[in-house]
Amino acid sequence: MKVLDNIKVIVLKVWRSQALKYTVVVLLGVLVVGFLDENSIWNHFKNQRRISELEEEIGKYNAAFERDQSQIRQMNKDPKAMEKIARERYFMKADDEDIYVLSDDERGPQRIVNNETTE
């Protein structure tokens with residue numbers, strides 16, 4: 001019993017000490033700032049990841065913009081370039097031509113459904 005009494009005395013001394021109170025307050029503060037707050041470290045890492053994704057997207061859009069700008073410059077210089085772009089993108093053709101579009105889709109053959117009925 002003497003051991004239990006000694007442990008009880010030690011626990012009460014620690015519980016009443018100032019160091020424990022400060023330690024608990026500091027730990028709670030770190031938890032709030034680190035994980036629960038809207039400006040927490042966790043949200044900071046998520047925001048940094050989102051920023052890097054958006055910067056990659058900006059790079060893609062800038063590359064597409066530059067490509068389109070070069071095509072616009074090319075169309076302003078050469079009328080044949082406009083014809084080439086119209087043929088490639090919009091499947092336009094001359095009067096004496098036929099266009100065949102080959103698809104790279106991985107779709108399988110579709111079943112033809114006949115919804116017509118005879119009376």
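**Exercise 1.** Which accessibility class, buried, partly exposed or exposed, does E53 fall into?

*Solution.* The model is predicted, and the classes rest on computed areas. Step 1: the relative accessibility of E53 is 41%. Step 2: buried requires a value under 20%, exposed a value over 50%, and partly exposed lies in between. Step 3: E53 therefore counts as partly exposed.

**Exercise 2.** Identify the salt-bridge partner of E53 and describe how the two residues are placed along the chain.

*Solution.* Step 1: the side chain of E53 meets that of R50 in a salt bridge, with an N to O distance of 3.8 Å. Step 2: the cut-off for such a contact is within 4 Å, and the distance of 3.8 Å satisfies this criterion. Step 3: R50 and E53 both lie in helix α3, which covers residues 41-77. Because they are 3 residues apart in this helix, about one helical turn separates them. Step 4: R50 is partly exposed, at a relative accessible area of 47%. In general, side chains of opposite charge can pair when their charged atoms come close.

**Exercise 3.** How many salt bridges does the structure hold, and what is the accessibility of the residues in the bridge formed by D68?

*Solution.* Step 1: the structure holds 2 salt bridges. Step 2: D68 pairs with R67, and their closest N and O atoms are 3.7 Å apart. Step 3: D68 has a relative accessible area of 30% and is partly exposed. Step 4: R67, with a value of 47%, is also partly exposed.

**Exercise 4.** Describe the secondary structure and the overall exposure of the protein.

*Solution.* Step 1: the protein contains 4 helices and 0 strands. Step 2: read from the N terminus, its elements follow the order α-α-α-α. Step 3: 5% of the 119 residues count as buried. Step 4: the accessible surface amounts to about 12100 Å², and carbon and sulfur atoms account for 58% of this area.

**Exercise 5.** Which residues make the nonpolar surface patch, and which helix supplies the largest share of them?

*Solution.* Step 1: the patch, of about 830 Å², is made by V24, L28, L31, V32, V33, F35, L36 and W42. Step 2: helix α2, residues 18-36, contributes the largest share, with 7 residues. Step 3: F35 is located in helix α2. Step 4: the relative accessible area of F35 is 55%. Since exposed means over 50%, F35 is classed as exposed.

Notes:
Residues numbered from 1 in each chain as written. Predicted model: local features only at pLDDT ≥ 70, side-chain atom pairs only at ≥ 80, totals over all residues. Heavy atoms only, no water. Helix = DSSP H or I, 4+ residues; strand = E, 2+ residues; numbered from the N terminus. Buried < 20%, exposed > 50% of the residue type's maximum accessible area, 1.4 Å probe, protein only. Areas by Shrake-Rupley, 256 points an atom, 1.4 Å probe, with all protein chains shown as cover. Patch = residues over 30% accessible without salt bridge, like charges linked within 9 Å, V, L, I, M, F, W, Y side chains within 5 Å.
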